[in-house]
Amino acid sequence: MQEFIEIVKKAGEIFKEGFFSTKNVSHKGIKDLVTEYDVKVEEFLIKEFEKFGFSIIAEESIQENFDNSIIIDPIDGTTNFAHKIPYAAISVGIYEKKSPKYAIVYNPILDEMFTAIKGEGAYKNGEKIQVSNTSNFQRALIATGFPYSSAENEKDLNWVINKLNYILPRCQDIRRFGSAALDLCYVAEGKFDGFYEINLKPWDVSAGILIVEEAGGIVSNEYDEDYDMFKSKCIVAGNEIVHRNLVEILKRN
């Protein structure tokens, strides 16, 4: 695990260089951005990780083989990164036989290193973390995200608006920070009480899922079934009570 962490830290130096520099920004869709530093960080990570003998699934160079794999998001929160908003991170999930083994989410700008090993807990900068103990949904701070597809997919846009309409009055408040990987980590350390979002990709959540679960949280789809990174439309995460309340609202409305 430590060797993976050191590689991610080195990639963080490329990340920081790009964050504070003028960037070339291109578009993969109407809203979806990519910078040359997404590619630079990914290329560095792939080169370093190849020696471990895993297949590599990465955002900017997708491979479909998912068994023993390392799933990489070089910059989760590229829009924040492009605008010099320090809520973005490198996300790396290491899977053996399609099961999460190690997880790393690193925000080099705020120096936040979240890690987890299956069965050994979740940590931030070496200190153990756990989900919140909030039991009253009206006091719960919930995080979410808006899918890029909302620009051209009216159904997805309506889904987002409809769920906000039901959830926002029933919780303390909602935050939309723009990095699913970090949103999950903030659930794991108890800053957020819950999180939900649609249309995420495996590299957005491959590390965050294990970090939440190792911090005592629950991750599922909106029907309280196992979340499948490759098939599920919606992810729901939180402590046991907040998760249950979120699922009930999402199922009903």
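Begin by selecting helix 5 (residues 180–188) and helix 6 (residues 202–214) in this predicted model, whose axes come within 8 Å and cross at roughly 5°. Because angles under 35 degrees count as roughly parallel, helix 5 and helix 6 are described as roughly parallel to each other. To see the contact itself, show the side chains of Ala180, Ala181, Leu184, Cys185, Val187 and Ala188 on helix 5, and then those of Asp204, Val205, Gly208, Ile209, Ile211 and Val212 on helix 6. Coloured by residue class, the residues of this contact divide into 10 nonpolar, one polar and one charged.

Keep helix 5 selected and bring back the rest of the chain around it. Nine of the nine residues of helix 5 are buried, so this helix is largely enclosed by the rest of the structure; the buried residues include Asp183 and Tyr186 as well as Leu182. If you follow the backbone onward, you will find that glycine 190, just after helix 5, takes a positive phi of about 85°.

From Tyr186, move next to glutamate 112, whose side chain makes a polar contact with the side chain of tyrosine 186 at 3.0 Å. Glutamate 112 is found in strand 7 (residues 112–117), and another polar contact joins the side chain of glutamate 112 to the side chain of lysine 124, at 3.4 Å. Is glutamate 112 buried or exposed? With a relative accessibility of 6%, glutamate 112 counts as buried, because buried means under 20%. Leaving aside neighbours within four places in sequence, the residues in contact with glutamate 112 are Val105, Tyr106, Asn107, Lys124, Asn125, Leu182, Tyr186 and Lys191.

Now select aspartate 173, which has its place in strand 11 (residues 173–175). At 28% relative accessibility, aspartate 173 counts as partly exposed. The side chain of aspartate 173 makes a polar contact with the side chain of arginine 175, at 3.1 Å. Once neighbours within four places in sequence are set aside, aspartate 173 is in contact with Ala140, Leu141, Ile142 and Leu168. Add glutamine 138 to the selection as well: aspartate 173 and glutamine 138 are 35 residues apart in sequence, and their C-alpha atoms are 8.6 Å apart in space.

Turn next to isoleucine 70, found in strand 4 (residues 69–76). Isoleucine 70 has a relative accessible area of 0% and is therefore buried. Not counting residues up to four places away in sequence, isoleucine 70 touches Phe4, Phe49, Phe54, Ser55, Ile56, Ile57, Val92, Gly93 and Ile94. For a pair that is separated along the chain, show glutamate 96 too, which is 26 residues from isoleucine 70 in sequence and 8.9 Å away in space, C-alpha to C-alpha.

Two of the residues touched by isoleucine 70, Phe4 and Phe49, lead to the last stop, since Phe4 in helix 1 and Phe49 in helix 2 both belong to the contact between those helices. Select helix 1 (residues 2–19) and helix 2 (residues 36–49), which pack at an angle of about 160° with their axes 9 Å apart. Helix 1 and helix 2 are therefore roughly antiparallel to each other, and their crossing is right-handed. On the helix 1 side, show Phe4, Ile7, Val8, Lys10, Ala11, Ile14, Phe15, Glu17 and Gly18, which meet Tyr37, Lys40, Val41, Phe44, Leu45, Glu48 and Phe49 of helix 2. Here the residues of the contact divide into 11 nonpolar, one polar and four charged.

Key:
Residues are numbered from 1 along each chain as its sequence is written. This is a predicted model: local features need pLDDT of at least 70, side-chain atom pairs count only at pLDDT 80 or more; totals for chains, interfaces and linings use all residues. Side-chain values use heavy atoms; hydrogens and water are left out. Axes are lines fitted to C-alpha atoms, for helices over the stretch in contact, and angles run from 0 to 180 degrees between N-to-C directions. Helices (H or I, at least four residues) and strands (E, at least two) are DSSP runs, numbered from the N terminus. Angles under 35 degrees count as roughly parallel, over 145 as roughly antiparallel, 65 to 115 as roughly perpendicular and the rest as oblique. A crossing is left-handed if the near helix is turned anticlockwise from the far one by less than a right angle, and right-handed if clockwise. Contact means heavy atoms within 4.5 Å. Ala, Val, Leu, Ile, Met, Phe, Trp, Tyr, Cys and Pro count as nonpolar, Asp, Glu, Lys and Arg as charged, and the others, Gly among them, as polar. Buried means under 20% relative accessible area, exposed over 50%, partly exposed in between (1.4 Å probe, protein chains only). A polar contact is a pair of N or O atoms within 3.5 Å; within protein, one must be able to donate a hydrogen and the other to accept it, and residues adjacent in sequence count only if both atoms are side-chain atoms.
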